Amino acid sequence: MSKHRTIGHRFELGYMLNSQGLCGNGALIGVGNGQYARALLDAWDGIRLYLIDPYDAGDSVRLQEQAVIQCKPYAPRYRFIRLHHDKAVKLFTCGELDFVYIDAVSHDLTAWFCKVKQGGLIAGS
C-alpha cells in the first residue's frame, strides 16, 4: 500500500524529498525554461536530476537556452535529456530513480512507475 504525502506547494518538494531520504537520482519531465528545475535543484540534496524535455516546440531553442542558464550553478548535479518522455524512460532501469516529477505533461506515464524505487515518489502538476 502506498503512502500519500501532501505538500502545500510544488516548491516544497525538494525539502520533502530530503526529509524522506530520497536524495539519489530523480527525473523532471517537462523542463520548459528551467525555473522549476532550478528551484528543485536549490532545495533538493540529491545526486543527479535528469531534466527530460524534447524541446521540439516553436520556441524550443529559447526555452532550452533559458533552462541551461537557470541550472548552470548546479552543475554537475543535472543532465539534460532531449527526448520525449516515452523514449527517455527506456534509458532508466527499474528502481533507479528516487522520484519522478511530471510537469505539465498530459500523456500516459505508467511506464515510469517501475523506474521509481520502492518507497520513492511520483508527483506532478
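**Exercise 1. Decide which exposure class Cys114 falls into, and set the result beside Cys94 and the disulfide search.**

Solution. Cys114 has a relative accessible area of 38%, and the classes are buried for under 20%, exposed for over 50% and partly exposed in between (1.4 Å probe, protein chains only), so Cys114 is partly exposed. Cys94, at 55% relative accessibility, counts as exposed. The next step concerns the sulfur atoms: a disulfide is a covalent bond between the sulfur atoms of two cysteines, recognised here as a pair of cysteine sulfur atoms within 2.5 Å. A search of the whole structure returns zero disulfides. The model is predicted, with local features requiring pLDDT of at least 70 and side-chain atom pairs counting only at pLDDT 80 or more, while totals for chains, interfaces and linings use all residues. Residues are numbered from 1 along each chain as its sequence is written, and side-chain values use heavy atoms, with hydrogens and water left out.

**Exercise 2. Classify the aromatic pairs in which Tyr36 takes part, and state which parts of the chain they tie together.**

Solution. A pair of aromatic rings is described by the distance of the centres and the angle of the planes. Rings of Phe, Tyr and Trp (its six-membered ring) pair if their centres lie within 6.5 Å, and planes under 30 degrees apart count as stacked, over 60 as edge-to-face and the rest as tilted. By this rule the count comes to six aromatic pairs. For Phe11 and Tyr36 the ring centres are 5.4 Å apart and the planes stand at 75°, so this pair is edge-to-face. Phe11 lies in the segment before helix H1 (13-19) and Tyr36 in helix H2 (residues 35-43), so the pair ties together parts that are 25 residues apart in sequence; helices (H or I, at least four residues) and strands (E, at least two) are DSSP runs, numbered from the N terminus. Phe11 is partly exposed at 34% relative accessible area, whereas Tyr36 is buried at 4%.

Tyr36 also pairs with Tyr101, with 5.0 Å centre to centre and 40° between the planes, a tilted arrangement. Because Tyr36 belongs to H2 and Tyr101 to strand E4 (residues 97-102), this pair ties together parts that are 65 residues apart in sequence. Both tyrosines, Tyr36 and Tyr101, are buried, and with Phe11 they form one aromatic cluster.

**Exercise 3. Identify the buried residues of H2 and the elements that cover them.**

Solution. In H2, the buried residues are Tyr36, Ala37, Leu40, Leu41 and Ala43. Taking contact to mean heavy atoms within 4.5 Å, the cover over these buried residues includes H1, strand E1 (25-29), strand E2 (48-52), helix H3 (60-71), strand E3 (78-81) and E4.

**Exercise 4. Describe how E2 and E3 are joined, and examine the loops on either side of H3.**

Solution. Two strands pair if DSSP finds at least two bridges between them; E2 and E3 run parallel and are joined by four bridges, with Tyr50 opposite Arg79 in E3. E2, H3 and E3 make a right-handed β-α-β unit, where right-handed means that, with the strands pointing away from the viewer, the path from the first strand over the helix to the second runs clockwise.

In the loop between E2 and H3 sits Tyr55, whose phi is positive at about 45° although it is not a glycine; Tyr55 is buried, with a relative accessible area of 3%. The loop between H3 and E3 holds Pro76, and a cis peptide bond joins Ala75 and Pro76, with omega about 5°.
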